[in-house]
Amino acid sequence: PYIAFRDGALGNGTTVMRRIGTTWEFMGGGAAFLAQPNEDLQLEVSAAGDVYLAYRDVEWDGSFGKGVCKDEVWDTVWPAPCPHATAIKVTRDSWWYLGERGAISKGEAQRLSMALNSEGNPLVSFRDCYDGVGCPTGNATIRYFNPNYNSGMPPTWYDFGWQHSTNLGFQ
């Protein structure tokens, strides 16, 4: 089994662990390998053992709860709270963002959900509040990570387009 959690003993940084026999070991390079507080952790492990984590990521200004949200996709900044959706792949000793940038939402993300398709690639759904604070008109979207897109180029997220509601599940 695997577990992802906000580690209160380490400033609410994100920790991922896996159980090997009777021992728990850290993934991603150690405890609280993501130092900033994250919300709505979604952990999936493929049949091949690939570990994926999606979460709401907030860039803080040093005081918990009084930060600034930076939308890396559209290069805009507004007052927090406005965590954007982020997805990473985690190995025992390291981690990296999926896609070309950390953010997979255009703005604040709400109601994250993640599932793996039959090839073991992650899909992440969320409500994307790309129009600023308060999410007055946010829509739901699904992002599919294809590691083989345009061979020789970095993996890219495909956007399936805007929907009114989403739910992920595979047989």
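## Three-stranded sheet

In this predicted model, an open sheet is built from three strands, arranged in the order β1-β2-β3 with antiparallel pairing. The edge positions belong to β1 (2–7) and β3 (23–26); each has a single partner strand, so one side of each is left without a neighbour in the sheet. On average, neighbouring strands of this sheet are turned by 35° against each other, direction ignored.

Strand β2 covers residues 13–20 and pairs with β3 through four bridges, in the antiparallel sense. Arginine 19 has tryptophan 24, in β3, as its bridge partner.

## Largest nonpolar core

The largest nonpolar core consists of 13 residues. Ala54, Ala85, Ile104, Leu112, Val124 and Phe126 are those with the most contacts inside this core. At least two core residues come from each of β5 (51–57), β8 (84–90), β10 (103–116) and β11 (122–129). Strand β10 gives the most, with five residues.

## Surroundings of leucine 112

Leucine 112 is among the residues with the most contacts inside the largest core. Leaving aside residues up to four places away in sequence, leucine 112 touches Asp40, Gln42, Ala54, Tyr55, Arg56, Ala85, Ser125 and Phe126. Of these, Ala54, Ala85 and Phe126 are also listed with the most contacts inside the largest core.

## Second core

Another core, of ten residues, lies apart from the largest one. Its members include Val16, Val51, Tyr55 and Ile88. Tyr55, a member of this second core, is also touched by leucine 112.

Conventions
Residues are numbered from 1 along each chain as its sequence is written. This is a predicted model: local features need pLDDT of at least 70, side-chain atom pairs count only at pLDDT 80 or more; totals for chains, interfaces and linings use all residues. Side-chain values use heavy atoms; hydrogens and water are left out. Two strands pair if DSSP finds at least two bridges between them. Axes are lines fitted to C-alpha atoms, for helices over the stretch in contact, and angles run from 0 to 180 degrees between N-to-C directions. A nonpolar core is a set of buried Ala, Val, Leu, Ile, Met, Phe, Trp, Tyr and Cys residues joined through side-chain atoms within 4.5 Å. Buried means under 20% relative accessible area, exposed over 50%, partly exposed in between (1.4 Å probe, protein chains only). Contact means heavy atoms within 4.5 Å.
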